[in-house]
Amino acid sequence: MLNKDKVKLGIAPIAWTNDDLPELGGENTFEQCVSEMALAGFTGSEVGNKYPKDPVELKKALDLRGIQICNAWFSSFLTTKPLQETVDEFIKHRDFLHAMGAKMIGVAEQGHSIQGMMDVPVLTQKPVFTEEEWEKLARGLEELAKLADEKGMLVSYHHHMGTGVQTLEEVDKLMEMTDPKLVHLLFDSGHFTFSGENPEEALRKHVNRVKHVHLKDVRKEVLDKVKAENLSFLQAVKAGAFTVPGDGMIDFEPLFKILHENNYEGWFVVEAEQDPAKANPLEYAMKARKYIAEKTGL
Ligand SMILES: O=C1C[C@@H](O)[C@H](O)[C@@H](O)C1=O
Ligand SMILES: [Co+2]
């Protein structure tokens, strides 16, 4: 049983409106999204493109529904652009999240990324960083973490399909190359599974660095199709590769156990991007909430 004082439950807006694939859920409004998050029993959210950009307006809408912002994705370009460009964008992002009361900033390196390319096969064309790029990434992330620390915030790195930090070996390398006091890990069960890793092994190895969790399940039959047809990441998402925890191939019980035994404190964020026309977002949010309650007591 996980402790409600230590672990809070959030959900990402990507199941209602997908910023990576705007045709998925383009009709769903911000108000519907946050109202349904609350109705399904979640108290946290990440940030989507339809959310008001003004922190005061956003906070008012969220307060009405008992929801707080717990994190928002940040794309870094530390391997391909001058550090200052990422730093300038990061400071704006940090200050917005700080105004919203969030403590976490989930960073993913997008230098050479193919995650947003509709026709580039994700399992065979992922980028591989040179040693020089690894060094730029590691040092750059430490710089971002120091900037986050100025506001009492943390940086957690989001490993992701189609990027230079996708496999467990690459996550191992990044964790080894960065200061554990500065750079933490955002554990995403779906991305490790999609990449062919054992998420339990990955979590056991790095649990002491994990400060934010994305709960994503994977449909095995869709993953098999992605492999057979050499699909891109976005084609895989459209085909339904991801779903809510409990609805796919991942066994979440050992993951919850490892987090519990290692005194995890922070957010569990349900993040299941799929086509809202096929998977009703409220229905799936409620399904996820029920599953988490059954397996963790939260
Ligand atoms: O955390 C995430 C943010 C999304 O935009 C991304 O593509 C998704 O797969 C993810 O894990
Ligand atoms: Co994620």
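Begin by displaying the strands of this predicted model. Nine strands form an open sheet in the order β3-β2-β1-β11-β8-β7-β6-β5-β4, with parallel pairing. Select β3 (68-69) and β4 (73-76) next: these two stand at the edges, and each has a single partner strand, so one side of each is left without a neighbour in the sheet.

From the β4 edge, move inward to strand β5 (residues 104-109). β4 and β5 pair in the parallel sense over 4 bridges, and Phe74 has Val107 of β5 as its bridge partner.

Continue to strand β6 (residues 154-158) and β7, which run parallel and are joined by 4 bridges. Here Val155 is matched with Val183 of β7 as its bridge partner.

Now isolate strand β7 (residues 183-188). Is this strand enclosed or open? Of its 6 residues, 6 are buried, so β7 is largely enclosed by the rest of the structure. Showing the side chains separates two directions: Val183, Leu185 and Phe187 point one way, while His184, Leu186 and Asp188 point the other way, and all are buried.

Asp188 leads to the next stop, ligand 1. Its surroundings comprise Ile14, Asp20, Trp73, His158, Asp188, His191, His214, Glu271 and Glu273. Coloured by class, this shell divides into 2 nonpolar, 3 polar and 4 charged residues.

Turn then to the largest nonpolar core, which has 80 residues. Which members touch the most others? They are Leu141, Ala241, Val269, Val270 and Ala285. Helix α4 (residues 131-149) supplies the largest share of this core, 5 residues. In soluble globular proteins, nonpolar side chains tend to be buried together.

Centre the view on Ala285. Leaving aside neighbours within four places in sequence, Ala285 is in contact with Ile11, Ala15, Glu36, Met37, Ala40, Phe42 and Val270.

For a charged residue, select Lys238 in helix α9 (residues 233-239). Is Lys238 buried or exposed? There are 20 other C-beta atoms within 10 Å, so Lys238 counts as buried. Beyond its neighbours within four places in sequence, Lys238 is in contact with Leu21 and Asp275. Adding Arg209 to the selection shows a separation of 29 residues in sequence and 32 Å in space, C-alpha to C-alpha.

Finally, select residues 37-291, where an unreviewed UniProt entry places the feature "domain: Xylose isomerase-like TIM barrel". In the model, this span is 43% helix and 16% strand, and its end C-alpha atoms lie 15 Å apart.

Conventions:
Residues numbered from 1 in each chain as written. Chains lettered and ligands numbered in written order. Predicted model: local features only at pLDDT ≥ 70, side-chain atom pairs only at ≥ 80, totals over all residues. Near = placed C-beta within 6 Å. Nonpolar A, V, L, I, M, F, W, Y, C, P; charged D, E, K, R; others polar. Core = buried A, V, L, I, M, F, W, Y, C linked by C-beta atoms within 7 Å. Buried ≥ 20, exposed ≤ 12 C-beta atoms within 10 Å, placed from the backbone. Contact = placed C-beta atoms within 7 Å. UniProt positions renumbered as here; feature names shortened; annotations may be inferred. Pairing = 2+ DSSP bridges.
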